[in-house]
Amino acid sequence: MSSKSSTTSRSTANGNGHGSETSYEEPSISQKSSQGSESNSGAETEIEKVEGYNISKPWESDKEVSNGKEFAAFETLGETSLEETGTSLSGSEVQLLDAFYASYSELIPEAKKQMEEVIIGTDNRVRINPTTSFPWRAICALKITAQNGSRWIGTGWLVSPRTVITAGHCVFMHDQGGWARSIEVIPAMNDGSRPHGSGSSSVLRSVTGWTQNKNRENDYGAIILPANFRPGAVTGSFGFSVKDDAYLKSSVLNLSGYPGDKGGNQQWFMALKPKSVSSRIITYDIDTMGGQSGAPVWIKVGESRSAVGIHTNGHTSGNSATRIVTAVFNNLLTWKNLGL
Amino acid sequence: METRGSVKGILKDESGKPVRDAIVMIVDGSSDFNDMASVSNDEGEFYISNVVIPGRYVLQIQGNDQQKRKEVNLSSTDTVIKITY
């Protein structure tokens with residue numbers, strides 16, 4: 001099975017007034033027409049204005065945007081922690097698979113070594129069945145209807161009762177009319193079984209780095225579910241955190257989602273250490289297929305699970321996730337609070 | 001600078017009838033691609049979204065309890081891929 005993979009973001013909402021409350025300081029930019037040997041000492045840089053190149057202010061690429069729809073006004077909490085805990089609710093239902101691949105699996109080095117040695121060229125995914133225990137039940141199949149009516153499948157994960165985190169390209173598709181018309185969210189879907197029901201929403205969030213600039217590094221977004229559908233209150237929810245390079249490189253990453261080659265209605269899981277880590281992308285050889293966009297990439301320490309990435313891309317050189325860095329974390333926290 | 005775009009495809013069976021509700025996804029390509037999958041409509045239409053063009057991609061089509069792989073060379077967004085499934 002092929003391993004598939006692979007840029008900056010500003011948080012954008014679909015126009016419902018939940019825009020970023022952060023003030024972005026405009027750096028002073030000196031614009032001089034130098035025709036001689038003018039000294040560049042101390043000069044500040046700016047971006048050339050090039051037609052078709054829209055990233056005029058990279059520091060704004062994580063500015064939130066929405067599709068202008070909302071269910072109700074919510075007050076954003078003023079939390080600033082870079083480790084946001086999830087809720088597993090029933091800890092006794094923790095699955096062994098996930099535990100096996102826990103971040104501290106160096107305690108079982110032989111098992112981990114075997115996993116790494118058989119990954120290349122083979123499909124090492126395993127089916128999650130049943131999906132009724134945590135964390136699997138907090139992972140959702142997505143049935144997406146784009147603005148132009150085309151249909152797609154993807155994956156998302158609950159971070160609060162009504163907030164589902166996913167890839168930016170699952171909520172905003174540049175070449176399919178922009179913001180999705182609607183997305184059906186089915187937590188813990190398992191073939192014909194929908195143990196926590198399902199709900200549709202068109203209240204979407206992403207960032208300008210994705211919606212305006214199509215920047216791969218800013219490929220993340222969120223779905224806010226209707227007030228009468230609160231699956232996360234029952235399933236529990238993922239935490240998320242910002243981790244440094246060394247920590248990520250030494251951790252086993254867990255990834256579970258709804259791949260299209262299995263019909264899009266079954267949850268499949270795999271775990272492996274990352275192949276590489278860059279400032280905004282995590283690359284790995286975890287096998288994935290179309291339909292797993294938006295899946296959580298998480299680490300597990302004890303009974304604590306924390307997402308560190310959002311799966312987005314495939315490529316034979318390595319599949320990859322948008323890394324949760326501080327700017328991403330802050331947006332996820334804002335969106336989480338919208339769905340409390 | 002790479003150019004990304006969307007390409008439309010049409011899926012038909014051997015009798016020429018449109019194949020609906022098939023899942024179409026990229027499994028290999030000359031460039032990286034979004035890991036989502038398209039679902040064909042009543043006319044058998046599907047899309048490959050946000051891919052680098054020109055480029056070579058291998059598609060996997062899943063539906064009616066069978067699967068098929070097809071390599072496609074995308075030269076422009078005006079290309080319409082026709083696949084017999």
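# Close-up views of a predicted two-chain model

**View 1. Chain B and its long-range contacts.** In chain B, take the contacts between residues at least 6 apart in sequence: 56% of them join residues at least 24 apart. The model shown here is predicted. Chain B holds eight strands and zero helices. Read from the N terminus, its elements run β-β-β-β-β-β-β-β.

**View 2. The dimensions of chain B.** The C-alpha trace of chain B spans about 40 × 20 × 15 Å along its principal axes. Its radius of gyration is 12 Å, which agrees with the value near 12 Å for a compact globule of 85 residues. Of these 85 residues, 54% are buried.

**View 3. The surface and charges of chain B.** About 4,000 Å² of chain B is accessible surface. Carbon and sulfur atoms account for 41% of that area. Chain B carries 10 positive and 13 negative charges. The mean positions of the two sets lie 5 Å apart.

**View 4. I26(B) in strand β2.** Strand β2 of chain B covers residues 23–29, and I26(B) is found there. Is I26(B) buried or exposed? Its relative accessible area is 7%, so I26(B) is buried. A second residue to find in this view is R69(B). I26(B) and R69(B) are 43 residues apart in sequence. In space, their C-alpha atoms are 9.3 Å apart.

**View 5. A cis peptide bond in chain B.** The bond that joins I53(B) and P54(B) is cis. Its omega is about 5°. P54(B) sits in the loop between β5 (45–52) and β6 (55–63) of chain B.

**View 6. Chain A as a whole.** Chain A has 21 strands and seven helices. It has 340 residues, and 56% of them are buried. The chain exposes about 13,400 Å². Carbon and sulfur atoms supply 50% of this surface.

**View 7. A cis peptide bond in chain A.** Here the peptide bond runs from N129(A) to P130(A). The bond is cis, with omega near 5°. Where does P130(A) lie? The residue is in the loop between β4 (126–128) and β5 (139–145) of chain A.

**View 8. Two cysteines without a disulfide.** A disulfide is a covalent bond between the sulfur atoms of two cysteines. How many disulfides does a search of the whole structure find? The search finds zero over all chains. Why is C140(A) not in one? The closest cysteine sulfur, in C170(A), is 12 Å from the sulfur of C140(A), too far for a bond. The cut-off for a disulfide is a pair of sulfur atoms within 2.5 Å. C170(A) is likewise in no disulfide, with the sulfur of C140(A) as its nearest cysteine sulfur. C140(A) counts as buried because its relative accessibility is 0%. C170(A) is buried too, with a relative accessible area of 0%.

**View 9. A188(A) in the loop after β10.** A188(A) lies in the loop between β10 (182–187) and β11 (199–201) of chain A. Its phi is near 60°. That is a positive value in a residue other than glycine. A188(A) has a relative accessible area of 0%, so the residue is buried.

**View 10. D191(A) in the loop between β10 and β11.** D191(A) is found in the loop between β10 and β11 of chain A. Phi of D191(A) is near 55°, a positive value in a residue other than glycine. How accessible is D191(A), and what does it count as? With 34% relative accessibility, D191(A) counts as partly exposed.

**View 11. R230(A) and its contacts.** R230(A) occupies the loop between β13 (221–224) and α5 (232–235) of chain A. Its relative accessibility is 37%, so R230(A) counts as partly exposed. Which residues does R230(A) touch, not counting those up to four places away in sequence? They are P161(A), R162(A) and L340(A). A167(A) gives a further point of reference. R230(A) and A167(A) are 63 residues apart in sequence. Their C-alpha atoms are 21 Å apart in space.

How values were computed
Residues are numbered from 1 along each chain as its sequence is written. Chains are lettered from A and ligands numbered from 1 in the order in which they are written. This is a predicted model: local features need pLDDT of at least 70, side-chain atom pairs count only at pLDDT 80 or more; totals for chains, interfaces and linings use all residues. Side-chain values use heavy atoms; hydrogens and water are left out. Buried means under 20% relative accessible area, exposed over 50%, partly exposed in between (1.4 Å probe, protein chains only). Helices (H or I, at least four residues) and strands (E, at least two) are DSSP runs, numbered from the N terminus. The radius of gyration is taken over C-alpha atoms; the globule rule is 2.2 Å times the number of residues to the power 0.38. Contact means heavy atoms within 4.5 Å. Accessible areas come from the Shrake-Rupley method with a 1.4 Å probe; for residues, only the protein chains shown count as cover. Lys and Arg count as positive and Asp and Glu as negative; His and the chain ends are not counted. The place of a charge is taken as NZ of Lys, CZ of Arg, CG of Asp or CD of Glu.
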